[in-house]
Amino acid sequence: MKLYPITINIEDRPVAMIGGGNVALRKTRDLLEAGAKVTVIAPEIHNGFNGLVNEYGDRVELVKKEYVSGSLEKYSLVFSATNSAGVNNAVYTEAHSKNIFINAVDDPPNCSFFIPSFTRKGDLILSLSTSGSSPAYAARLRRAFEEQVPKNIEEILAVLAELREKLKKDKSFSHMDTKKRGALLKRIANDDTLLSDACKALKEKKLKAFLLQLI
């Protein structure tokens, strides 16, 4: 099986979480942080969900009942975080029949997508997947790569975004085509000295002067 990796925008999208334990709590928090609206369906719900309700308000709904077929009509994504293979399969069957993507935690046969091991630092999302073969090993690799990420990655990404916008919109650079702008951005991104200078220029509000000296 070959998987297609994507990063999706789930802001304001309705998501169903079947299960109310620790794993469901952790995944629900991740979804809420990404802007989703989450409905948790489970006969027993961890007390920690009350904290999410206090923090996120009506973006999280707690429905204390058993999952039954027909519960998934309005959702864009579904997660099944239960200890029951039977429930996971029933959720998968309904989701699959409705063309809704479904992830069952630690149950690859009942998944249509997998959640990679990931970490987020500002706009950076570093993620790794073993296609469900070994989430633990994916986490190990992700931690190894995470050690290579610069401590000021948020500042770096902020300045690169500002440089990109400056090159696109400032009339001083209108003579540069897409290829030339891209080449300049690559040059800066691959040179730690230039990145440091760019960060300094951003703080001093001198990004335009910084760019002009490079062309």
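Modeller: A residue is buried when its relative accessible area is under 20%, exposed when it is over 50%, and partly exposed in between (1.4 Å probe, protein chains only). Here we have a predicted model, where local features need pLDDT of at least 70 and side-chain atom pairs count only at pLDDT 80 or more, while totals for chains, interfaces and linings use all residues. Residues are numbered from 1 along each chain as its sequence is written, and side-chain values use heavy atoms, leaving out hydrogens and water.

Colleague: OK, so what share of the 215 residues is buried?

Modeller: In the protein chain, 37% of them.

Colleague: How many helices and strands does the chain have?

Modeller: We take them from DSSP runs, numbered from the N terminus: helices are H or I, at least four residues, and strands are E, at least two. This chain has 8 helices and 7 strands.

Colleague: And what is the radius of gyration of the chain?

Modeller: That's taken over C-alpha atoms, and the globule rule is 2.2 Å times the number of residues to the power 0.38. For a compact globule of 215 residues you'd get near 17 Å, but this protein chain has 22 Å. Along the principal axes, its C-alpha atoms fill a box of roughly 65 × 40 × 30 Å.

Colleague: Which residue in the loop between β5 and β6 should I look at?

Modeller: Try aspartate 106, which sits in that loop, between β5 (101–104) and β6 (117–121). Its phi is positive, about 55°, although it is not a glycine. Aspartate 106 is also exposed, at 71% relative accessible area.

Colleague: Where does lysine 205 lie?

Modeller: In the loop between α7 (192–203) and α8 (207–212). Lysine 205 isn't a glycine either, yet it has a positive phi of about 60°, and it counts as exposed at 79% relative accessibility.
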